[in-house]
Amino acid sequence: MHPHRLTPHRRRLALRRPWHWPQLLPLIAILLTASVAAGQQPDTAASVVGQSPAYGRLADPAVASSLKLTDEQKAQVAEVLQQRDAALAEAEEDQKATITEQADHQLAEMLTPDQREMFTALFLKRLEFNFRYQKWADVLDWIAEESGLSLVMDAPPAGTFNYSDNKEYTPTEAIDLLNGWLQTKNYALVRRDRLLMLLDLSDGVPQGVIPRVPAEELPTRGRFELVIVLVPLGERPAAGAIAEIQPLLGRHGSVEPLEQTKQLLITDTAGNLLAIRALVESLPVPSSPSAPPKPPDPVLAAYPIVHANPAQVGEVLTQMLSGKVFVDGAASQVTINAVPGEQEKAKAIIAQLEQNQGPKQQPRLDTYPAPRTNTAEVTATLQLVAPDAQIRVNSATHQLQVWASPQDQQKVRDTLSQLGASSVDGEPFQLEVYPVRGITPEAATSALTTVLPEIRVTVDTTGNKLIVVGSLSDHQAVARLLDQLRSQDDPELATTVRTYPLTGVDSRVTSLLATLVPRAQVSVDSAGTKLVVVATGADHEQIADILNKLEDEDPALKRSMVSYPLDRELELATVTSLLTTVAPKVQVTSDAANHRLLIIATAAEHETIAATIQQIAKDAGVELPELRFYPLTRVDSSVTSLLATLVPRAQVTVDGSGTKLVVVAAVADHEQIANILEQAGDEDPSLKRSMVSYPLDRELELATVTSLLTTVAPKAQVTPDAANHRLLVIATAADH
C-alpha cells in the first residue's frame, strides 16, 4: 500500500503501530494527505454527480474549451441550465435540491466518459499538501495520478520537496503550486491533452511541446503553466504592441508577430498571458491620417489711410506682415496682397495707427533677439502676456518684431529677461503655457504650488491658461499633474490634493507608495511632518489603507515594511505568488528596478516569509541575506542610525509595534549587529551604554579626533560619520 493513498483514518491507524524509528522515518518522509479516498475513477454519470453537483460550471466558456465541448453539447448545456433556473424560480424551498440534482445528472449524461473523467480530475477533486523531504519523482507521480494524467519525465529535479498547509486545492491548482516551486529550479510542468510533461528549461523552452490553447481557456490553466496563445491585433501596429508587451514577459516568454493575419503568437505562463491579452486590448487603435489642410489663397485688399502717415504705415506693415505691401501716397491708401489671417493683422495695425493716443500710449515697433529653441512656445507666451501686441518672428535676421504699446513692450522685455536668466542647480528655467480644462485656474495653481513650491505660476488674461516658469523636471511633473487634474469631469479619474500625517510612519513610505500607487504624486512637505498626495479617490483610499495598516494600534497586529533583496536567478513573480499562498494577508509589492520585494506584514508573518524565501533560495542553490529580529528592550530605536553607519549593507527597520529591530543582513553582519546591541544594552546601570552624536566643526579632522578619543576612552566605540561631519559614540555615562 502506498502511503499517499491512505485515507486520513487509515493513516492514523498505521502510525500507531509499533514501528522502530528506522522503519518509521521513510514513511514520514513521504506522508501526504489527499481529501479524496483511494479507488477507481467513477465512470458513470450517477457516481460522478454523487461526488459533487458542480456541473453548472460547464456553462463557463473556459471550462467548455478545456473539455473540448462540441457546439451541440454547449447548446444542450445552455438549454438545461435555462430550464433549471426557471424551475428553481417557481419551486418551494424543499424542492430546489432535487431540481438541482436532476439538472446536474442531465448535464453529466451529456459528457463522454473521457470528458467526465477530465472534469472530475480537474475541477471536483480537493487535495492537501503535507510533504517532508519527498523526492520530486514521487511527488510528480502522485500529482499525475490524482489529476488523471500520464506523466512524461526524463529526469526529475535534484533535491527534495518540503511543503505543507491546510488549504485544499483542485488538481489544476496543485499542479500550479508545484510549477511555482519547479520554476525556481528551471523546470516546468506542461499539460498537453492527457499528458503531464516535465520540461527542463535550462537550455530554453523546447520547440513543439508547449500546447497552443484558445485565449478563453486561460482561466482554467495554472498561473505558472506554459502555454501558447494567439492574440489578435486588429489595426494596432505589431511593433508598438510588442514594445508594450516585452516588460510583462516572464523569463521563458516570447512573442512573434504574424503580419499577414495581424496576430501575435505569444509563449508564456497563463497568468502573464491573461495580463498581456488585456494590455493588447487596451492599446488604442490608430486613426486614419487625415489630409493636411489646404493653405488659404492670398487675397488683394486696399485700405484708406485718413489720419496716419501712409509711408509710416507701409513701413510698419512691411516689417510685421508676411505678404506684399504697396503704398500709394497720392491716394492715401495701402494695398496688401496676403492671406486672410495676415489681412486681419493689417487691419488691427492700421486701426491703432489711425488713433491719436498720445506719445505715451502710441504703439511702436521694437525688435528683440529671438530664442534659439522653443520659438513658437515663447511667441505664444508673449502673446498671452501682451494680447494686444502684434508679434512676428523674422527668420532671416533671427529677431522678434513686436508692434505694441509702451506698456506691452515692457511686459515683453520682462518676460524675455525671465526666460533668459533663470536657472536652478544648473538646469535653466523654461516658460511653458498649459491650457486649463475641468478645473479652475486658481485650484490648478494651488495644487501645483503645493506639490512644486519652486515653480512660478501665472494665470493668463483670458483665465483659461497657466503660464509656468520652472526647470525641465518641474515641467514634466506639472504636465503629469495637470493631466490628472484635467479629468475632474470623470468621477473615477478626478484627482484631489490631500495631506497625511507622518506620526506613525516615516518618510521612507514614499518609496513604497510610489511602487504600490504609481499614478499618485507623493511628496513630503518641507517640515517633514506630512505627506502631500495628488491622486484619484480610489488611489487615496488605497493610500489611506496602507498607512492605516502601518499605524495599527494593536502591537500584535502592527505591520511594518521590510525590503527583501532577491538573487537575480529568482523570478519576482514566482516568489510573490508563493508568498501570497503561504501568507495570504500580507501585502507584497515587486520592485523590479532593484530586484527586491517590499512587504507589509506583522512580525509573525515576516518570520514565515523570511523562512519561505530562504527555502526557495536553498532549493535554487543561491544564498540570500537572513532576516532576524532583535528586541529593543534595552536600547531605543535611534540605534538604527548607528547600525546604518556601522553596517551599511544591512536593511534595518523598526517593527510596527516599536519593540523589535527587523534586520535583513548577511550572517557576518548579523554577528556585528548583535555585538553592537549587546554593548548598547548592558544591564548594569554603571555600565549602561548609550549612543550620543557629537557634531564637529569642519576645521577638525574626524580621523584625528577619533584617534584621540579612543586613547582617552579605549572601551568606547567611536564611529566617524563623514557625511554629516560628526562622531557617533557608544559609551557609558562616565566615558561620555
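This section describes the overall make-up of a predicted model and then three of its local regions.

The protein chain contains 736 residues, of which 44% are buried. Its secondary structure comprises 24 helices and 31 strands. Among contacts between residues at least 6 apart in sequence, 66% connect residues that are at least 24 apart. The surface exposed by the protein chain amounts to about 38,400 Å², and carbon and sulfur atoms contribute 52% of this area.

The first region is centred on strand 8, which spans residues 263-269. Strand 8 is mostly covered, with six of its seven residues buried. Two strands pair with strand 8 in the lines of evidence considered here: strand 6 (residues 226-232) is joined to strand 8 by seven bridges, and strand 7 (residues 254-258) is joined to strand 8 by five. Strand 6 runs antiparallel to strand 8, and strand 7 likewise runs antiparallel to strand 8. In general, strands of a sheet pair through backbone hydrogen bonds, in either a parallel or an antiparallel manner. Individual pairs can be located within this arrangement. V231 has L264 of strand 8 as its bridge partner, while V255 is partnered by I266 of strand 8. Strand 7 and strand 8 together form a hairpin, with four residues between the two strands. Within the turn of this hairpin, K262 has a positive phi of about 55°.

T269 belongs to strand 8. Its relative accessibility is 10%, and because residues under 20% are classed as buried, T269 counts as buried. A polar atom of the T269 side chain lies 3.3 Å from the backbone oxygen of R223. Beyond its neighbours within four places in sequence, T269 is in contact with Q183, R223, F224, E225 and L226.

The second region is an open sheet of three strands, arranged in the order 12-14-13 with antiparallel pairing. Strand 12 (364-369) and strand 13 (390-394) stand at the edges; each has a single partner strand, and therefore one side of each is left without a neighbour in the sheet. From one strand to the next, the twist averages 20°. Strand 12 and strand 14 (residues 399-404) run antiparallel and are joined by six bridges. Within this pairing, P369 stands opposite Q399 of strand 14. Two helices accompany the sheet. Helix 12 (residues 310-320) lies across strand 12, strand 13 and strand 14, and runs at about 60° to strand 13. Helix 14 (residues 375-385) packs on the sheet and touches strand 13 and strand 14. The direction of helix 14 makes about 165° with that of strand 13.

The third region concerns helix 24, which covers residues 702-712. Its buried residues include L702, V705 and T706. These residues lie on the same side of helix 24, because they cover an arc of only 100° around the axis. The face turned away from this buried side carries the exposed residues A703, L708 and T711. Strand 30 (717-721) and strand 31 (726-732) are among the elements that cover the buried residues of helix 24.

Technical notes. Residues are numbered from 1 along each chain as its sequence is written. This is a predicted model: local features need pLDDT of at least 70, side-chain atom pairs count only at pLDDT 80 or more; totals for chains, interfaces and linings use all residues. Side-chain values use heavy atoms; hydrogens and water are left out. Buried means under 20% relative accessible area, exposed over 50%, partly exposed in between (1.4 Å probe, protein chains only). A polar contact is a pair of N or O atoms within 3.5 Å; within protein, one must be able to donate a hydrogen and the other to accept it, and residues adjacent in sequence count only if both atoms are side-chain atoms. Contact means heavy atoms within 4.5 Å. Two strands pair if DSSP finds at least two bridges between them. Axes are lines fitted to C-alpha atoms, for helices over the stretch in contact, and angles run from 0 to 180 degrees between N-to-C directions. Accessible areas come from the Shrake-Rupley method with a 1.4 Å probe; for residues, only the protein chains shown count as cover. The arc is that of the directions from the helix axis to the C-beta atoms.
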